[in-house]
Amino acid sequence: MKYLLATTICCSVLMMFGCGKKSDTTPGSDSTNTTASLTGAGSTFIEPVMTHWVAEYGKATGVKVNYQGVGSGAGINNLIDKTVDFVGSDAPMNANELERAKDPVIHIPAVIGAVCVCYNVSGVESPLNLDGEVIANIFLGKIIYWDDAAIKALNKGVKLPHEKIFTVHRSDGSGTTAIFTNYLSKVSSDWKTTIGEGKTVNWPENGLGGKGNAGVAGILKEHANSIGYVELAYAEQNKIAYAQVKNSSGNFIAPSVESASLAADGMQLPPDMIAWITNTANPQGYPITGFSWCIFYKSAAKSPEVKKFIHWVTTDGQNDCKALYYAPIPEAIRKMEAAAMDATAAK
């Protein structure tokens with residue numbers, strides 16, 4: 001079935017909240033009715049596990065949380081406009097966004113995920129090996145065919161077709177794109193100077209954009225000899241092949257819950273809890289890995305209820321991360337998160 005994951009998510013949200021049902025209060029308003037449902041929007045990267053969380057949280061507390069996967073960029077804009085109570089984003093708010101928000105926000109890492117370099121290459125059965133330079137040059141349009149010497153050198157013994165590479169990227173403002181381009185900017189000087197990093201970038205004209213992780217996954221499944229990037233859950237549930245990527249230690253690592261967890265192992269976060277974990281120094285860590293944050297206003301009317309939900313996400317909610325292809329937040333970071341939210345509540 002086309003776009004299986006997107007359909008599954010959509011159905012889950014409709015079943016939980018009912019088509020067209022409105023919240024009891026306007027998100028971001030001054031209402032003190034904190035028993036009303038919470039509204040969130042943003043990352044499609046985190047959407048599969050977020051869909052599970054909101055269902056389980058509703059069962060545990062009776063509080064309804066409606067989350068819409070519209071992309072990290074759109075979600076952040078919704079938060080700034082105060083039309084949602086929190087945002088899920090795989091990229092932290094940048095200086096311009098923080099200035100537009102005016103009121104202070106808090107970033108809480110909710111989960112760790114791997115961004116897979118997925119491909120659909122006819123006749124290739126075994127996992128391909130790729131490194132950062134080759135991935136960058138493919139998306140830059142410098143490597144045009146699958147049997148290019150640079151790809152063959154990393155995949156000795158693999159019969160690669162002389163077929164033109166079809167690249168797929170995100171068309172919307174995306175935290176998944178932010179993680180992917182942050183990684184490429186670290187490993188390729190050409191990428192850093194010509195494309196750079198962010199939730200949106202000026203992609204070379206040799207590719208096609210898809211909306212959301214589900215959109216990219218759908219294009220990859222339909223187009224032979226294509227390559228793109230999606231979060232691990234979308235690759236697994238859509239049964240799309242993905243590459244082992246060479247990390248900074250020279251090891252080819254497959255994306256997984258374990259290798260994503262190792263990418264963040266022992267990491268010391270700054271007080272604002274904003275950090276990139278791409279191109280990890282861990283020899284067994286997967287290099288295209290990132291946090292997905294829950295971001296909310298420190299002092300909005302519904303902040304106390306948002307904090308309760310996110311506290312649950314970072315405690316009980318972590319128990320089911322692995323089954324949904326995400327790595328849970330390390331205990332040391334979870335303690336830091338609890339302290340940050342407690343300090344915010346005390347002010």
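Guide: Before we begin, a residue is called buried under 20% relative accessible area, exposed over 50%, and partly exposed in between, with a 1.4 Å probe and protein chains only. This is a predicted model, in which local features need pLDDT of at least 70 and side-chain atom pairs count only at pLDDT 80 or more, while totals for chains, interfaces and linings use all residues. Residues are numbered from 1 along each chain as its sequence is written, and side-chain values use heavy atoms, with hydrogens and water left out.

Visitor: Is Tyr 325 buried, partly exposed or exposed, and where does Tyr 325 lie?

Guide: Tyr 325 counts as partly exposed because its relative accessibility is 30%, and Tyr 325 lies in the loop between helix H12 (303–313) and helix H13 (331–346). Helices (H or I, at least four residues) and strands (E, at least two) are DSSP runs, numbered from the N terminus.

Visitor: What should I look for in phi?

Guide: Most residues other than glycine have a negative phi. Here, phi of Tyr 325 is positive, near 75°, and phi of Lys 102 is positive as well, near 70°. Lys 102 is found in the loop between helix H4 (95–101) and strand E4 (105–120), and with 72% relative accessibility Lys 102 counts as exposed.

Visitor: What is the order of the open sheet of three strands?

Guide: Strands of a sheet pair through backbone hydrogen bonds, either parallel or antiparallel. Two strands pair if DSSP finds at least two bridges between them. In this sheet the order is E5-E10-E11, with mixed pairing, and the edge strands, each pairing on one side only, are E5 (129–130) and E11 (252–253). E5 and E10 (residues 244–246) pair in the parallel sense over two bridges, and Asn 129 has Gln 244 in E10 as its bridge partner.
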